[in-house]
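Hi,

Here is the structure I promised to pass on. Have a look at it, and then read my notes below.

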Protein chains: 6
Amino acid sequence: MPHPFEEFRARRLAGNELVLKTENLGIKRLFSLDKITYEDGVLSRRTKELMGLTGSMVLRCNDCIDYHLDTCVQQGCSKEEIEEAFNIALIIGGSIVIPHLRHAYESLAFLLAERAANTAG
Amino acid sequence: MPHPFEEFRARRLAGNELVLKTENLGIKRLFSLDKITYEDGVLSRRTKELMGLTGSMVLRCNDCIDYHLDTCVQQGCSKEEIEEAFNIALIIGGSIVIPHLRHAYESLAFLLAERAANTAG
Amino acid sequence: MPHPFEEFRARRLAGNELVLKTENLGIKRLFSLDKITYEDGVLSRRTKELMGLTGSMVLRCNDCIDYHLDTCVQQGCSKEEIEEAFNIALIIGGSIVIPHLRHAYESLAFLLAERAANTAG
Amino acid sequence: MPHPFEEFRARRLAGNELVLKTENLGIKRLFSLDKITYEDGVLSRRTKELMGLTGSMVLRCNDCIDYHLDTCVQQGCSKEEIEEAFNIALIIGGSIVIPHLRHAYESLAFLLAERAANTAG
Amino acid sequence: MPHPFEEFRARRLAGNELVLKTENLGIKRLFSLDKITYEDGVLSRRTKELMGLTGSMVLRCNDCIDYHLDTCVQQGCSKEEIEEAFNIALIIGGSIVIPHLRHAYESLAFLLAERAANTAG
Amino acid sequence: MPHPFEEFRARRLAGNELVLKTENLGIKRLFSLDKITYEDGVLSRRTKELMGLTGSMVLRCNDCIDYHLDTCVQQGCSKEEIEEAFNIALIIGGSIVIPHLRHAYESLAFLLAERAANTAG
């Protein structure tokens with residue numbers, strides 16, 4: 001049985017494919033602009049993804065949190081760095097962020113285990 | 001097995017019935033006021049539902065999106081019109097709207113297929 | 001089979017335990033500060049929980065609503081008092097709150113039945 | 001020269017009069033429903049205004065905060081009770097609420113001085 | 001002395017010019033994408049601006065409200081049509097929208113008077 | 001005449017002093033917790049302030065933006081780094097962020113000029 005995080009990845013991928021079949025150029029362009037925003041610039045992709053994570057958390061969007069968490073872990077962020085991003089989002093956004101923090105910790109546990117397994121391999 | 005959108009319709013109906021058993025007049029009046037707001041006026045119900053869809057999307061509420069989408073399709077809005085409403089909501093609300101856009105596209109696919117089947121019949 | 005509300009309680013408890021394993025002091029302190037806030041002061045815990053419920057509802061957070069509802073019922077709030085809190089949240093936050101109101105009524109039905117059963121016992 | 005809080009009162013009054021000249025019944029009805037919501041019920045107006053204050057603060061609306069603060073002070077709430085409402089809003093909404101807390105403390109200082117002067121008179 | 005709405009127009013123009021001096025392509029592209037979104041499509045610019053107005057109002061952004069109001073009036077929307085858009089935003093967003101509704105009515109009075117004067121000329 | 005940004009600094013300072021006269025421990029503790037959050041950790045204060053800026057911008061709080069901008073400039077962030085933070089906030093939060101972006105660019109112009117003057121001295 002797939003882990004809920006793997007289900008999220010598959011659902012997100014399928015959803016984006018469905019959206020991007022559109023002939024509405026505005027929607028396509030915003031998706032493309034979104035992607036470019038996180039590429040290396042004067043700030044590294046790594047730092048940008050931590051910022052995307054913070055923004056997603058204060059706006060309380062689990063799918064956005066999961067996406068940026070996934071990328072943060074891929075970019076080599078440590079557990080402690082990610083938790084400091086969590087802490088910033090929690091202080092900015094208050095206790096209303098807590099349910100999303102619980103979700104984020106579950107996702108993070110999966111992602112760190114997956115990275116450890118891949119590295120070990 | 002019912003489609004998730006049909007489950008949403010049933011769950012919404014049952015939920016509203018549960019709420020409206022209340023003896024709290026304020027809650028009942030707001031429900032009634034909400035319903036009246038979208039009736040034909042100097043703006044058509046069709047236009048109002050597209051506006052309700054935009055408002056629901058920028059506020060990132062899937063149940064509200066699904067309800068207004070359902071009504072937009074019933075009111076004869078085309079796929080392209082609805083996608084322009086999506087595009088407006090996406091530019092106003094930014095990438096944080098994307099998970100709701102994915103959801104909306106799934107609902108829209110169901111609703112357009114349902115309308116086509118009904119028309120064909 | 002457990003009721004969805006009991007699943008929420010278990011999931012919330014497990015999630016908080018996972019979070020609080022952290023060595024990030026800022027996160028732990030905010031959890032602790034959050035808990036203290038609702039203790040009896042010049043306002044009673046009962047009144048504070050009703051305020052927490054209103055705040056959770058206008059911010060549209062189901063887990064937060066469920067938590068404060070649970071505590072409101074434990075604190076002896078009547079159905080009618082809770083519904084007046086619902087009404088305030090609904091007028092402040094508008095129709096976008098309705099899906100959360102439906103959720104809250106389902107949770108409330110469970111909690112009132114549970115309290116009645118416990119009292120009867 | 002009028003105090004900024006008195007200017008707020010005048011501006012709010014004039015603004016509401018301008019709005020309520022409308023022939024749009026939906027707008028008028030929502031204003032009327034809003035007013036009724038805070039009347040004494042199974043919860044007192046006093047408690048309801050504290051809840052309205054909390055809701056306004058987590059949603060970060062200075063005009064709404066000022067209106068409910070004004071009414072809380074009229075209803076005889078003490079400084080300490082109002083500060084506990086502030087504390088609840090601050091913990092729920094996080095540091096993003098702080099600029100509104102600063103505003104609220106300025107308004108509260110004016111309102112408590114005004115009440116003391118009126119009582120002394 | 002300029003009317004506050006004229007000051008808003010000047011401030012907005014100067015602000016956009018300052019922003020668009022940037023060499024950050026992402027920011028420029030989002031501004032350009034924003035502009036294109038409201039052009040005539042299968043929905044008219046007029047309808048899109050009413051949708052932009054609704055979205056701005058439920059998200060409680062006075063500058064955004066003023067911009068879309070200005071364009072709605074330029075596109076020939078009647079007072080009654082605009083008020084139905086206000087009503088939809090008010091029911092969706094609740095009483096927290098009221099301070100923005102007061103602001104919007106002040107702006108609308110200026111814009112309708114300006115249009116009448118221009119038409120009379 | 002003081003620059004608007006200097007007025008902001010003075011108003012913020014006076015406001016915080018007014019708040020912190022409180023005997024409400026919860027409020028004081030949250031202020032203290034907020035301050036600690038941005039101290040150097042596994043992430044540098046510099047990176048954390050950029051994250052605070054992003055969070056403030058997507059939540060659309062001018063005072064919070066100004067505070068974090070001020071600190072980002074003090075921490076030595078370049079104009080280009082700050083603009084990449086702006087860009088991330090703009091893509092996440094959408095066009096509703098634009099009025100706050102205009103404000104942020106005005107503040108940034110002041111802060112960079114101030115830093116240049118201080119460095120030159």
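First, a term you'll need: a residue counts as buried if 20 or more other C-beta atoms lie within 10 Å of its own, as exposed if 12 or fewer do, and as partly exposed in between, with the C-beta atoms placed from the backbone. By that rule, buried residues make up 46% of the 121 residues in chain A.

Keep in mind that this is a predicted model, where local features need pLDDT of at least 70 and side-chain atom pairs count only at pLDDT 80 or more, while totals for chains, interfaces and linings use all residues. Residues are numbered from 1 along each chain as its sequence is written, and chains are lettered from A, with ligands numbered from 1, in the order in which they are written.

Chain A has six helices and zero strands (DSSP runs: H or I of at least four residues for helices, E of at least two for strands, numbered from the N terminus). Its radius of gyration is 15 Å, close to the 14 Å that the globule rule gives for 121 residues, so chain A is as compact as a globular protein of that length. That radius is taken over C-alpha atoms, and the rule is 2.2 Å times the number of residues to the power 0.38.

Now the copies: a turn of 180 degrees and a shift of 0.0 Å along the axis lay chain D on chain B with an RMSD of 0.0 Å (least squares on C-alpha atoms of residues with pLDDT of at least 70 in both). That is the relation of a two-fold axis. Of the residues of chain D, D:Leu30 comes closest to the rotation axis, its C-alpha at 3.9 Å.

Cheers
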